[in-house]
Protein chains: 2
Amino acid sequence: MKVLAILYKGGKAAKEEPRLLGTVENELGIRQFLESQGHEYIVSDSKDGPDSVFQKHIVDAEILITTPFHPGYLTAELFEKAKKLKVCVTAGVGSDHIDLNAAVKHGAQVLEVTGSNVVSVAEHVVLSILLLVKNFIPAHEMIERGDWQVSDVARNAFDLEGKVVGTIGAGRIGYRVLQRLVPFDCKELLYYDYAPLPEAAAKALNARRVEDLKDFVSQCDVITVNCPLHEGTKGLINADLLKHFKKGAWLVNTARGAICDKDAVAEALKSGQLRGYAGDVWNVQPAPRDHVWRTAKNPLGGGNGMVPHYSGTTLDAQERYANGTKSIIENYFAGKPQEPANIIIGVGKYETKAYGQR
Amino acid sequence: MKVLAILYKGGKAAKEEPRLLGTVENELGIRQFLESQGHEYIVSDSKDGPDSVFQKHIVDAEILITTPFHPGYLTAELFEKAKKLKVCVTAGVGSDHIDLNAAVKHGAQVLEVTGSNVVSVAEHVVLSILLLVKNFIPAHEMIERGDWQVSDVARNAFDLEGKVVGTIGAGRIGYRVLQRLVPFDCKELLYYDYAPLPEAAAKALNARRVEDLKDFVSQCDVITVNCPLHEGTKGLINADLLKHFKKGAWLVNTARGAICDKDAVAEALKSGQLRGYAGDVWNVQPAPRDHVWRTAKNPLGGGNGMVPHYSGTTLDAQERYANGTKSIIENYFAGKPQEPANIIIGVGKYETKAYGQR
């Protein structure tokens with residue numbers, strides 16, 4: 001059978017660093033495994049347009065492997081052409097680049113390597129919160145350019161201690177973010193989610209659920225987005241909701257770019273309604289050169305903590321999602337059941353509520 | 001009496017942000033308090049050389065207020081001229097810019113606002129560890145310059161989970177750093193200190209003491225320096241000790257610049273022996289424009305997380321150390337005893353072991 005993988009290009013870095021498993025060059029380390037069993041393995045970063053490797057080979061691939069970092073967008077239209085497709089594996093977490101309703105319709109399973117990078121992302125969230133609250137980037141840039149004006153950076157630097165931090169989504173990542181914040185003596189840890197946390201978990205975090213989103217955001221000094229992208233969360237953080245934020249709040253989004261309205265966030269940062277915005281996810285990836293999130297700043301010239309989508313693709317995470325991808329494929333070959341936590345779409349039906357199915 | 005304060009200049013920032021209390025402009029908010037009692041209050045950032053305000057007024061000041069961020073260096077020689085000096089207050093934590101032996105000899109007390117910014121600094125340490133381990137700065141710079149090459153940053157990005165983190169010094173700051181790292185599931189938390197932590201504290205952190213420094217550094221993936229600067233710690237991290245570090249370790253120093261040998265650290269970063277170096281303290285402050293720590297990078301062009309000395313002067317910290325300074329002065333005026341934890345040098349003797357007195 002044909003296995004098609006759309007990965008990001010590693011170039012020189014991938015040649016020098018074999019642990020960059022999630023790259024076109026290092027092919028998740030599964031070529032030998034697949035070819036020794038007689039399968040064909042196509043790997044490319046060419047993903048957009050009708051002449052792309054993705055669209056050329058999707059027509060007869062049985063297994064598709066993609067990543068959130070360089071997403072191959074599998075639309076309903078492409079599903080129509082993907083006559084042999086049985087399994088979509090997301091090497092990582094977050095399968096919004098796959099049209100999930102179309103997958104249900106076509107009987108293709110969608111699987112993630114659920115545990116592979118939730119810790120990596122949660123760590124990046126804590127990093128992003130701290131660097132915004134402490135006004136780190138302007139301070140570092142000051143050193144790089146040869147200056148030293150403590151007051152110019154201290155004027156917008158705070159402690160996380162005593163602040164109210166809230167997560168939109170308290171699932172595998174959001175929960176781990178709150179867990180890591182417990183010893184920081186925040187004033188309060190809040191969460192907004194469609195379901196309450198199990199009692200023991202909420203108690204361990206001393207976290208309080210707020211059921212109304214506007215009410216929730218109005219109480220937070222720091223808001224972090226940790227929910228999947230689906231029809232119900234697309235554009236959730238828009239101009240209207242941003243008005244309900246505390247003036248000068250910090251916003252961190254490592255979930256999916258399209259959960260935030262690009263221009264509304266940039267405007268809020270520019271006006272000072274947001275003191276900072278950080279994260280690694282973009283509405284289109286790779287982000288165009290002129291994407292407003294690359295350069296948007298607060299009125300003091302700071303508050304931008306953006307990076308390319310890499311928080312879930314640390315070398316530690318790559319090892320885990322490469323192994324997890326292999327194990328999903330092994331299960332499929334052997335007709336064994338998949339790990340329940342990895343199943344987003346089973347044959348013909350949703351197996352998770354995370355993508356807005358209630 | 002004359003009260004002399006050497007603070008950092010705030011300029012426009014201090015005029016716009018009254019919470020920048022630790023600046024020359026905002027004078028720790030104590031001018032009215034002092035003048036209403038008939039005292040003279042001299043405030044300046046002019047601190048170096050015989051014509052500086054510092055050296056001019058030290059001859060008849062009874063109270064000297066300084067900060068670690070823009071240190072007025074009170075040498076043994078200057079102490080000879082400071083005939084009326086009774087109290088040196090450090091608005092913040094760390095009094096190594098005062099010649100403590102000379103203070104003992106001259107019967108001048110040295111007091112710190114001990115609790116004022118230990119949390120601020122501990123938070124900055126966790127931030128610095130995360131940003132080095134996750135290779136944040138090259139990723140952010142990539143976005144700023146309009147690029148998108150995930151592999152070029154992911155190749156040197158890791159998780160903190162599973163790493164060994166050790167602190168040199170497990171006092172008020174080092175302890176709080178370890179506390180904040182507990183939920184990160186590090187492989188192990190280690191500490192090197194002249195005294196073991198109280199049993200309950202060590203147990204709460206699950207932290208293990210290593211008594212030999214070379215042995216200690218050889219076990220750590222991340223090392224953070226959280227001890228005071230004194231004769232026994234100056235140049236502690238030098239070329240010889242760096243050879244005992246794990247290849248590619250990360251080093252964070254928010255304690256004092258001179259604890260690390262400037263050139264040895266820069267060399268270790270350049271060679272890749274260190275994967276990263278971050279912190280906010282410098283052997284001379286303000287750091288000269290050509291200070292090697294401004295520009296030193298690892299072989300992949302990253303690994304520099306330096307900022308000016310501001311981690312302990314967040315707006316939250318400034319409020320605390322301004323209040324604490326006032327309260328120390330009030331105690332002195334009233335002849336009341338000082339908070340024991342704030343006393344570094346009592347009249348004629350060391351009251352702490354933190355500065356190398358055993």
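At what angle do the axes of H6(A) and helix H6 of chain B cross, and within what distance do they come? The legends below take up that question and then move on to other parts of this predicted model.

**View 1. Helix H6 of chain A meets helix H6 of chain B.** Here is the reply to the opening question: the two axes cross at roughly 130 degrees and come within 9 Å. In each chain, H6 spans residues 118-133. Because angles of 115 to 145 degrees fall outside the perpendicular and antiparallel ranges, H6(A) and H6(B) count as oblique to each other. Their crossing is left-handed. Chain A brings A:Glu123, A:Val126, A:Leu127, A:Leu130 and A:Leu131 to the contact, and chain B brings B:Glu123, B:Val126, B:Leu127, B:Leu130 and B:Leu131. Sorted by class, this contact of H6(A) with H6(B) has eight nonpolar residues, two charged ones and no polar ones.

**View 2. Within chain A, helix H6 also packs against helix H9.** Take a look at H9(A), residues 172-181, whose axis comes within 9 Å of that of H6(A), with a crossing of roughly 50 degrees. H6(A) and H9(A) are therefore oblique to each other, and the crossing is right-handed. From H6(A), the residues in contact are A:Val118, A:Val119, A:Val121, A:Ala122, A:Glu123, A:Val125, A:Val126 and A:Ile129. They meet A:Arg172, A:Ile173, A:Arg176, A:Val177, A:Arg180 and A:Leu181 of H9(A). By class, ten residues of the contact are nonpolar and four are charged, with no polar ones. A:Glu123 and A:Val126 may look familiar, being listed in this contact and also in the contact with H6(B).

**View 3. A parallel sheet of seven strands in chain A.** The strands of this open sheet follow the order S8-S7-S6-S9-S10-S11-S12, and their pairing is parallel. At the edges are S8 (207-209) and S12 (304-306), each of which pairs on one side only. From one strand to the next, the twist averages 20 degrees.

**View 4. Helices lying on the chain A sheet.** H9(A), already met beside H6(A), lies across S6 (164-168), S7 (188-192), S8 and S9 (222-225), and runs at about 175 degrees to S7(A). Helix H13 of chain A, residues 262-271, packs on the sheet and touches S10 and S11, with its direction at about 135 degrees to that of S11(A). S10 (residues 249-253) and S11 (residues 274-279) run parallel and are joined by five bridges. For a handy landmark, find A:Trp250, whose bridge partner in S11(A) is A:Gly276.

**View 5. A mixed sheet of seven strands in chain B.** This open sheet has the order S2-S1-S3-S4-S5-S13-S14, with mixed pairing. S2 (40-44) and S14 (349-350) each have a single partner strand, so one side of each is left without a neighbour in the sheet. S3 (residues 63-66) and S4 (residues 87-90) of chain B run parallel, joined by four bridges. Among the residues to look for, B:Ile63 stands opposite B:Val87 in S4(B). Helix H14 of chain B, residues 315-334, packs on the sheet, where it touches S3, S4 and S5 (109-112). The direction of H14 makes about 170 degrees with that of S3(B).

**View 6. The annotated stretch of chain A.** An unreviewed UniProt entry carries the annotation "domain: D-isomer specific 2-hydroxyacid dehydrogenase catalytic" for residues 31-338 of chain A. Over those residues the chain is 36% helix and 16% strand. The end C-alpha atoms of the stretch are 21 Å apart.

Key. Residues are numbered from 1 along each chain as its sequence is written. Chains are lettered from A and ligands numbered from 1 in the order in which they are written. This is a predicted model: local features need pLDDT of at least 70, side-chain atom pairs count only at pLDDT 80 or more; totals for chains, interfaces and linings use all residues. Side-chain values use heavy atoms; hydrogens and water are left out. Axes are lines fitted to C-alpha atoms, for helices over the stretch in contact, and angles run from 0 to 180 degrees between N-to-C directions. Helices (H or I, at least four residues) and strands (E, at least two) are DSSP runs, numbered from the N terminus. Angles under 35 degrees count as roughly parallel, over 145 as roughly antiparallel, 65 to 115 as roughly perpendicular and the rest as oblique. A crossing is left-handed if the near helix is turned anticlockwise from the far one by less than a right angle, and right-handed if clockwise. Contact means heavy atoms within 4.5 Å. Ala, Val, Leu, Ile, Met, Phe, Trp, Tyr, Cys and Pro count as nonpolar, Asp, Glu, Lys and Arg as charged, and the others, Gly among them, as polar. Two strands pair if DSSP finds at least two bridges between them. UniProt positions are given in the numbering used here, feature names are shortened, and annotations may be inferred rather than shown by experiment.
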